[in-house]
Amino acid sequence: MARAARPTTARSAARGLPRSAAGAILCAMQAVSPEHRSGRAQADAHVLVVDDERDITALVAYHLARAGYRVTTAATGVAALEAVAIEPPDLVVLDLMLPGRSGFEVLEEIRRREDTRDAGVIVLTARREESDRIKGLAGGADDYLTKPFSPEELVLRVGAVLRRLRAPAAASGPTVRAGGIVIDRGAHEVTVDGESVPLTALEYRLLLLLIERRGRVQTRPQLLEAVWESQPDIQTRTVDMHVQRLRAKLGAAGAQIETVRGFGYRFQAAEGAARR
């Protein structure tokens, strides 16, 4: 039986790549000064890049390393899951078309595991069909970028996702109630009729925002700006997919998230809803 590839660091990823690409990665790592590494919030963030195209892996690793991230790589779905098990990353840049296990399968496993459920995932793929985009976002991806792509834009999107995930919860904030939904902002937990509902960090932020602005229509661009920290013209479909997943997890209580056709969404609190 062939042995699965081991996860690699950005430095070891350079081995076996074209000389120019390998040199680019190492130069990028050397260009990041100690002050740069320690002085930026993302400097200690671990990003796993999963792609079977060596040139793409080199390009992405180069730009992320230069931005101060600690980068590891994997070239197959099996190797990606091994890497995740060895050291859960803060964020995964994930191709969909992988040998062995597909990117969709890797994404599903990442969202299933307790230690990676809240990790950021940015899909980076040549698959441009809307059905693939919908499937990826519905499966729990935080963002979706198609090839060919701008490396600088990818770095910005990685930073945006990590900032959302690292946004601190209020140490002893109030409990927010809306019908049977209870959000403990201090513990970062959501329950519905007393039952715990596991949400990703992004789903939690989306639900909290809708409830805090209950009764008011929130347009898709507004939600992208507030929750995704993205410009409104990136992908409004992203909002729809996450609202769909959030409703499903909330069960019957999800009906309180009302679609306002042509505009966006509004949370209609059940009678007696209150905030303490």
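I will start with one residue pair: I257 stands opposite F267 in β13. The model I am showing is a predicted one, so please keep that in mind for what follows.

Around that pair, β12 and strand β13, which covers residues 264-267, run antiparallel to each other and are joined over four bridges. These two strands belong to an open sheet of three, ordered β11-β13-β12, with antiparallel pairing. The edges are β11, at 218-219, and β12, at 257-260, and each of these has a partner on one side only.

Next, what packs on this sheet? Helix α9, residues 201-212, does, touching β11, β12 and β13. The direction of α9 makes about 70 degrees with that of β13. Helix α11 packs on the sheet as well, touching β12 and β13, and its direction makes about 150 degrees with that of β12.

Let me stay with α11. This helix has 14 residues and reaches 20 Å from its first C-alpha to its last, close to the 20 Å expected at 1.5 Å a residue. Which residues of α11 are buried? They are T238, V239, D240, M241, H242, V243, R245, L246 and L250. After the helix comes G251, with a positive phi near 70 degrees.

One of those buried residues, D240, takes us to the salt bridges. Side chains of opposite charge can pair when their charged atoms come close. D240 pairs in this way with R220, and their closest N and O atoms are 2.7 Å apart. D240 sits in helix α11, residues 237-250, and R220 in helix α10, residues 220-228, so this salt bridge links distant parts of the chain, 20 residues apart. Both partners, D240 and R220, are buried.

How many salt bridges are there by the rule used here? The count comes to 17. Another of them joins the side chains of K147 and D51, at 2.8 Å from N to O. K147 lies in the loop between β6 (143-146) and α8 (151-166), while D51 lies in the loop between β2 (46-50) and α4 (54-66), so the pair ties together parts that are 96 residues apart in sequence. K147 and D51 are both buried. They also take part in a network of salt bridges that links D51, E53, D95 and K147.

A further example is R70 with E87, where the closest N and O atoms are 2.6 Å apart. Here R70 is in strand β3, residues 70-74, and E87 is in the loop between α5 (77-86) and β4 (91-94), so the pair ties together parts that are 17 residues apart in sequence. Are these two residues buried or partly exposed? R70 has a relative accessible area of 38% and is partly exposed. E87 counts as partly exposed too, at 31% relative accessibility.

Finally, the chain as a whole. The secondary structure comes to eleven helices and 13 strands. Of the 276 residues, 49% count as buried. The chain exposes about 13200 Å², and carbon and sulfur atoms supply 50% of that area. As for contacts with a separation of 6 or more, residues 24 or more positions apart account for 62% of them.

To go back over the main points: α9 and α11 pack on the sheet, D240 of α11 forms a salt bridge with R220, and D51 and K147 belong to a network with E53 and D95. That is the end of my part.

Notes: Residues numbered from 1 in each chain as written. Predicted model: local features only at pLDDT ≥ 70, side-chain atom pairs only at ≥ 80, totals over all residues. Heavy atoms only, no water. Buried < 20%, exposed > 50% of the residue type's maximum accessible area, 1.4 Å probe, protein only. Contact = heavy atoms within 4.5 Å. Areas by Shrake-Rupley, 256 points an atom, 1.4 Å probe, with all protein chains shown as cover. Salt bridge = Lys/Arg side-chain N within 4 Å of Asp/Glu carboxyl O. Pairing = 2+ DSSP bridges. Axes fitted to C-alpha atoms, helices over the stretch in contact; angles between N-to-C directions. Expected span 1.5 Å × (residues − 1).
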